[in-house]
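Here's a quick walk through a model, one part of it at a time. Have the sequence and the 3D view open and follow along.

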Amino acid sequence: MASSPTFKPYRRPAGGWGSVRSLFRFGTGRHVPELEAVRQLRRHNKADGYMCVSCAWAKPKDPHRFEFCENGAKATFWELDQGRVGADFFASHTVSELLQWPDFDLERRGRLTEPLRYDHDSDRYVPIRWDEAFALIGRELRALDPESVVFYTSGRASNEASYMYALLARLYGNNNLPDSSNMCHESTSVGLPRSIGVPVGTVRLEDFEETDCILSFGQNVGTNSPRMLHQLQEASERGVPILTFNPQEPVPMVTGSSTRISSDYYQVKAGGDLALLQGLCKALLEADDAALRDGRERILDTAFIAEHTHGFDAFAASLRATGWDEIEHESGLARERLDQAASVYARARSCMLLYGMGMTQHHRGVDNVRMLCNLMLMRGNIGRKGAGICPVRGHSNVQGQRTVGVTEKTELAPIDKLKELYRFEPPCKNGLDTVEAVKGVIDGSVRAFVGLGGNFVRAAPDTRRLEQAWRRLRLTVQVATKLNRSHLVRGQVALLLPCLGRLERDRQASGDQIVTMEDSTACIHASFGTHEPASPDLMSEPAIIAGIAQATLERGEVPWREWVADYGKVREAIEATYPDDFKDYSRRMRQPGGFPRPLAARERRWSTESGKAEFFVPEILNGTGFEDAEHRLRLITLRSNDQFNTTIYGYRDRFRGIEGTRRVVLMCKRDIERLRLQEGQLVDLLSDHEDGIEREVGGLRVVSYDVPPGCIVGYYPECNPLLSVEHHAIDSHVPATKSIPVRVRGESRAQAPAGPAPV
Ligand SMILES: Nc1nc2c(c(=O)[nH]1)N[C@H]1C(S)=C(S)[C@@H](COP(=O)(O)OP(=O)(O)OC[C@H]3O[C@@H](n4cnc5c(=O)[nH]c(N)nc54)[C@H](O)[C@@H]3O)O[C@H]1N2
Ligand SMILES: Nc1nc2c(c(=O)[nH]1)N[C@H]1C(S)=C(S)[C@@H](COP(=O)(O)OP(=O)(O)OC[C@H]3O[C@@H](n4cnc5c(=O)[nH]c(N)nc54)[C@H](O)[C@@H]3O)O[C@H]1N2
Ligand SMILES: [Mo]
């Protein structure tokens with residue numbers, strides 16, 4: 001890490017040489033043998049290779065020779081890392097000592113190599129045999145009330161592992177299956193079905209070739225789904241306008257030194273998208289009025305609206321009733337700008353809309369998603385070529401996990417099928433989602449936490465309160481590849497179980513195993529690891545789940561042992577559970593480009609209550625869930641270019657020009673002056689959530705940045721202690737991490753940590 005941080009605007013392209021250089025610098029620091037790195041990267045996102053462990057963006061059927069991006073390669077190297085963390089590491093570091101380490105230093109020590117149990121006397125993790133670990137977990141789980149146990153999943157586990165995990169939870173007796181989706185695209189999973197009757201996006205890769213216009217809302221493509229730049233670049237070269245709506249300009253979406261991909265940028269206030277979208281829709285409606293008056297071609301797709309939708313009149317009435325003043329004030333954008341964006345949209349025959357966390361992680365996140373649908377429905381942009389809505393998913397298999405039953409909502413689980421196939425009475429009470437699980441840990445009603453991957457304590461809201469309460473848990477079981485803070489903040493009985501990574505060869509009784517994942521376009525792919533495992537003592541995720549199941553559950557109908565011996569049998573079970581989605585699963589999974597799941601909305605069949613696509617009328621245009629006040633700022637927490645969620649690769653946010661530290665707060669010059677601050681000064685952020693609980697993150701350096709007045713930016717997860725668990729999206733319960741109410745304390749009381757520090 002650089003000792004003195006630097007802050008310089010970045011002016012170079014997002015792809016190209018900048019990223020290649022950054023990659024090699026990264027690779028050499030990671031102790032990955034060069035030949036093996038190249039050999040693996042050739043297999044990256046290929047039909048006979050493995051699926052990238054980073055984001056969930058689509059894998060084309062005609063891949064580039066190297067179908068990877070800078071961040072996918074980083075994630076690959078991170079897993080191939082030759083560093084090892086085993087019993088000897090823990091022999092030289094107590095858990096109390098490790099709790100003082102920053103996230104970066106924990107993970108960079110390398111791969112976990114053997115099963116471990118926490119030993120209170122020495123305050124260390126010590127080795128335990130696999131069979132003993134399973135027996136201990138089984139004893140503990142059998143002694144607990146099933147409703148007090150949480151089974152969390154981070155979105156990386158394969159369909160096979162996820163199906164087994166969800167079944168384990170239900171056989172044990174609960175639907176407490178929160179996953180990272182609860183912090184991510186759950187607003188999509190709640191909003192899209194209400195509007196268009198499917199929980200996932202309707203766009204496929206081939207639509208990029210047919211589209212005439214692309215709208216991007218609240219996503220940072222260059223960092224978080226960089227391979228999508230290929231499709232955007234190709235569209236841009238065809239002259240397709242790409243409009244970006246974001247409080248901060250996502251690094252000029254550029255791949256060559258001169259080609260700018262995004263054609264126009266609209267700086268919306270954080271939480272201002274409902275107003276922005278109401279404005280775009282109002283502008284369309286007014287343009288349509290004028291067209292009708294002048295006898296020109298209509299702007300609205302009236303035939304589509306009449307045949308396929310419901311509720312348009314009420315929505316149109318709400319657009320007419322909303323004044324431009326309110327729209328301008330809430331969105332931060334002038335009417336002329338909105339008219340201009342609407343006219344670009346109105347000229348396009350087919351339009352696609354992409355969106356990310358800037359939409360879902362708000363108090364009104366579900367409303368945001370539904371307003372995006374309104375915009376598309378007005379011009380019939382769902383269910384035809386070159387058109388559609390595309391929630392850009394985060395974790396590489398977060399979408400697939402939901403498809404195969406990892407959900408706390410019983411109405412989404414195949415309860416009847418499970419009953420029939422495994423002859424048991426599945427629990428019918430809805431389980432805990434992430435927010436409810438956090439509350440349960442804090443109030444003591446949750447007694448045990450099993451984590452299939454992830455870093456829950458760091459990723460979830462209210463970090464400090466959660467950490468304190470976490471130590472009172474009776475049992476924590478963490479299945480992981482690398483050490484993170486959630487393993488160190490632990491329950492009374494704590495186990496750390498190391499698993500194979502996706503790039504590693506998974507040898508079972510019937511031979512080497514294949515697993516599958518679903519990408520953001522609902523296509524399912526096989527993934528096959530060939531790298532020699534980091535340690536002979538690792539087990540695969542399916543084998544660990546089966547081990548826990550066999551030690552915990554009565555003997556039943558599930559052939560756990562046979563499933564582990566041959567994952568093809570798990571796929572047969574998935575196919576039997578979801579015959580429409582997974583027909584001929586094991587054969588089709590090797591299809592280049594993956595096999596698509598059928599999606600009713602793509603064929604203009606609407607599985608909503610009315611049988612039509614539903615227009616939605618927003619009640620309110622401020623999406624933040626709180627009122628403005630003189631001292632109150634809207635804090636956006638997001639990712640740097642040098643991290644994957646809580647995994648910190650380094651201290652180099654190349655595109656924002658921030659190097660050497662993550663302890664920064666970005667604000668516009670006007671706010672810096674208004675608050676009488678200086679650039680470079682250390683400040684503290686204090687939560688302004690009105691519940692009387694003090695929340696604070698101290699010692700952040702002020703960086704001047706082009707963001708709207710009243711909106712500031714900090715990094716996730718460092719700022720998570722500022723987020724109340726009560727501040728979340730209505731209905732979807734996604735923590736509202738893109739508008740946290742905060743105040744600034746100019747005189748920092750923190751002991752000036754220039755570099756990173758644990759929470
Ligand atoms: N390299 C890398 N890749 C990743 C990840 C990673 O950490 N690193 N994480 C993965 C995961 S799990 C996910 S979910 C995705 C996340 O990918 P993104 O959805 O791109 O997530 P964020 O970085 O949180 O940034 C969200 C964007 O929303 C903008 N924004 C914030 N508030 C608002 C608002 O009110 N309105 C609008 N219109 N925009 C707003 C921010 O300025 C930012 O550009 O990426 C996945 N891919
Ligand atoms: N303030 C704020 N908070 C946020 C967000 C935000 O934008 N702002 N974003 C939210 C979002 S979108 C998400 S998705 C969540 C992410 O929350 P999580 O999914 O819980 O967190 P990750 O950081 O992805 O988990 C990283 C850990 O996963 C483990 N791991 C890696 N690979 C594997 C594997 O193959 N198998 C297993 N078993 N373990 C593995 C490693 O031990 C690593 O330390 O965070 C959310 N929290
Ligand atoms: Mo995510």
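## A little antiparallel sheet

In this predicted model, strands S1 and S26 (residues 658–659) run antiparallel to each other, paired over 2 bridges. Look across that pairing and you'll find phenylalanine 7 opposite isoleucine 658 of S26.

Zoom out a bit and the sheet has 3 strands, ordered S1-S26-S25, in an open arrangement with antiparallel pairing. Strand S1 (6–7) and strand S25 (652–653) sit at the edges with a single partner strand each, so each has one side without a neighbour in the sheet.

## Who surrounds ligand 1

Now over to the ligand. Its shell counts 30 residues, and the ones that come nearest are Asn246, Asp273, His362, Gln643 and Asn645. By type, the shell splits into 16 polar, 10 nonpolar and 4 charged residues.

Where does ligand 1 lie with respect to domain 3 (186–391) and domain 4 (633–745)? Both domains give residues to the shell, so ligand 1 lies between them.

## Contacts and burial

Several N or O atoms of the protein approach oxygen atoms of the ligand. For asparagine 220, a backbone N or O atom is 2.7 Å from an oxygen of ligand 1. With histidine 362, the side chain supplies the N or O atom, again 2.7 Å from a ligand 1 oxygen. Arginine 639 also uses a side-chain N or O atom, 2.8 Å from an oxygen of ligand 1.

On its own, ligand 1 would expose 920 Å², and the protein buries 98% of that. Helix H11 (221–224), helix H18 (357–360), strand S22 (633–638) and strand S23 (643–644) are the elements that give two or more residues to the shell.

How values were computed
Residues numbered from 1 in each chain as written. Chains lettered and ligands numbered in written order. Predicted model: local features only at pLDDT ≥ 70, side-chain atom pairs only at ≥ 80, totals over all residues. Heavy atoms only, no water. Near = heavy atom within 4 Å. Polar contact = N/O pair within 3.5 Å; in protein donor to acceptor, adjacent residues only side chain to side chain. Areas by Shrake-Rupley, 256 points an atom, 1.4 Å probe, with all protein chains shown as cover. Helix = DSSP H or I, 4+ residues; strand = E, 2+ residues; numbered from the N terminus. Nonpolar A, V, L, I, M, F, W, Y, C, P; charged D, E, K, R; others polar. Domains from an automatic or database assignment. Pairing = 2+ DSSP bridges.
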